[in-house]
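Please open the model in your viewer and prepare to make a series of selections. Each stop below names what to select and then describes what is found there.

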Amino acid sequence: MLKHDIAPILTDLFNLSFSSGVFPSALKIAKVIPVHKKLSRLDCSNYRPISILSNLDKVLERLMYNRLYKFVEDNNLIYPFQFGFRKKFSTSLALLSLTETIKQEIDSGKYGCGIFIDFQKAFDTVDHNILTKKLHYYGIRGIPNNWFKSYLNNRKQFVSVNGFNSELKNNNCGVPQGSILGPLLFILYINDLHSSIKFCKTHHFADDTNLLYFNDSVKKLNKSINYDLKHVVNWLNANKICLNISKTELVLFKPRKKALDQDLHIKLNGKKLYPTSSVKYLGIRIDSNLNWKDQINATAIKLNRANAMLSKLRYYVNESTLKSIYYSIFESNFNYASVVWAQKINSSSRLFLLQKKAIRIINFANWNSHTDPLFYASKIIKFFDKISIDNCCFICKSFLNLLPPLFANWFVFASSTHSHSLRSADLGILKIPPYNTMSHGRFSFKINAIYTWNNLQHQLKNLQLFSLKPNNLKSILKNYFLGNYH
C-alpha cells in the first residue's frame, strides 16, 4: 500500500524537524479563502478569512501538539479556569462554574459584578517574540523552543478568490489560523492574565474572558474592580492585545430584595461601563437575577420555529426520520447547557408545553391529547426528566474523575460525614450543603442535582447509582422515566 512507501519518508522528515528545531518552510504557506458573512459584499470587513494549510502540516503539528499538551497538563501549567481547547473541558462546564459561583455568592447576600471582556482579533495579534519567551518560561527551552520560533516566524499566505490567487505575503503575527497548534499556543499566551489581577476571579474560554468579584459593600466593589481593570489594560498593552471596549459588558448581580448602598462606578481604559440587564456569553443569556427569563424566551422562539417545521415535514418523511429531525432541530435547542439554566423546568413550564406540542405533531395527535402515552410510544424523555438524568450523570462523572479537577469536591457522600454506619438503603446518599435562598441556593445546579440524586437513589433501592458508568446510568434512568409514562 501507498502508506508503506510514504510513512518512512515522513518519519525521517518529522524526526529531523524535531531534532534540528526547524519547521519546514514549505509547510508554512496558507491559502486564505474569504467567506462572506453578512451585509455588503463590497466591504472587506464583512468577510471571514478561512485559512487552509497542507495535510502534511497537520500531521507534523499533531505530533508536536500531543507532546506539548501532555507536558503542560502533566505539569499543571494551564490556568485551572481556562476551559477552551482542553480535554474534559467544555463551554457547558465553563458556564456551570461561572453561574454556580455567582449563585453561591448571591445566596450569601453579597453584591457582585461580572465584566465580560471582548478582545479584538486576539488570535491574529499574538506577538511571536512574546509567545516564545512565555514558552521558555513554562519550560519549553532549547531545541523545542527553536522549533516553535521556526514554526511561527516567516509564515506566508495568499488569498484565493474564484480561482485567482494573490501574491505571497508575509504573516508576522498571530497564531496560524486553521492550525492544530494555534489554539493551544493562544491559551498559553494569555495563560498569565489572571496573575495581573488581585481581587477578581477570572473564567476563560479561549479569548472569551470574564471577571467576577463579590463584596458586601458597593464601595469596595467599585474600588477593587477598578483596580483590577487597570491592571488588565496594562497586561493587554504589554502583550499587544487590543481591547474592544464597545463590546465589553458589565452585569450587576445582587439579591433581589437588596438595594444598592451607592451607585456603581466602573471604568475600563477611561470609559465608564454601564450595567446591562443581561449578556450573551458562550451561547446563553445570563441575566442579572439569574432567573433565566431571557434564555427561556430565546429558546421558546427557537422551539416554536422547530414545531412549525415539524408540522410541515411530518407529511413527507417516515416516523424514524421525523424523530431524527425532532432531535436535531427541536431538542438540540433545549439541550445546550440546559443543566445551567433549566433546573426549574417543570410540568407547567412554557418549554415543556412546547415539547408536548412537538410530541403531538410527531404522533399526528389532537392538540389536547394526553401526552404521556405519546412520550412512551416515541421513547422521548420529558425535558424536566432529562435534566434529572443529566444531573445524575454529572455526579457520576465527578466520582469517576471524568471532569476537570475543579469539580472534584462538589459532591460528598453523607456516610463520610457520620461516625456511625448507615443503613444499606442510605448508601449512595449525598450530603446536602446549607443554603439561604430558594432561587439561588436550593435551585442552584449543585444542590438541585444532589436532591435529584438522593431522590432517585431512594426510589431505585436495588441499585447503587455511584457504582454505574455514566452511559449505563443514563440508560437505566431513561428506562425508569419511560416506565413512569406508561
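A residue is called buried when its relative accessible area is under 20%, exposed when that area is over 50%, and partly exposed in between. The model on display is predicted.

**First stop: Asn455.** Select Asn455, which belongs to helix 15, spanning residues 445–459. Its relative accessible area is 41%, so Asn455 counts as partly exposed. Next, display the side chain of Gln459 as well: a polar contact of 3.1 Å links it to the side chain of Asn455. Then add Ile429, which is 26 residues away from Asn455 along the chain; the C-alpha atoms of these two residues lie 8.8 Å apart.

**Second stop: strands 8 and 9.** Select residues 201–205, which make up strand 8. Is this strand largely enclosed or not? Four of its five residues are buried, and strand 8 is therefore largely enclosed by the rest of the structure. Extend the selection to residues 208–215, strand 9, which runs antiparallel to strand 8 and is joined to it by five bridges. Within this pairing, His203 is found opposite Asn210 of strand 9. The two strands form a hairpin with two residues between them. In that turn, centre the view on Ala206, whose phi is positive, at about 60°.

**Third stop: a nonpolar surface patch.** Select Ile52 in strand 2, which covers residues 47–52. With a relative accessible area of 40%, Ile52 is partly exposed. Finally, add Val35 and Ile50: together with Ile52 they form a nonpolar patch on the surface, and the accessible area of the three residues together is about 220 Å².

Technical notes: Residues numbered from 1 in each chain as written. Predicted model: local features only at pLDDT ≥ 70, side-chain atom pairs only at ≥ 80, totals over all residues. Heavy atoms only, no water. Buried < 20%, exposed > 50% of the residue type's maximum accessible area, 1.4 Å probe, protein only. Pairing = 2+ DSSP bridges. Polar contact = N/O pair within 3.5 Å; in protein donor to acceptor, adjacent residues only side chain to side chain. Patch = residues over 30% accessible without salt bridge, like charges linked within 9 Å, V, L, I, M, F, W, Y side chains within 5 Å. Areas by Shrake-Rupley, 256 points an atom, 1.4 Å probe, with all protein chains shown as cover. Salt bridge = Lys/Arg side-chain N within 4 Å of Asp/Glu carboxyl O.
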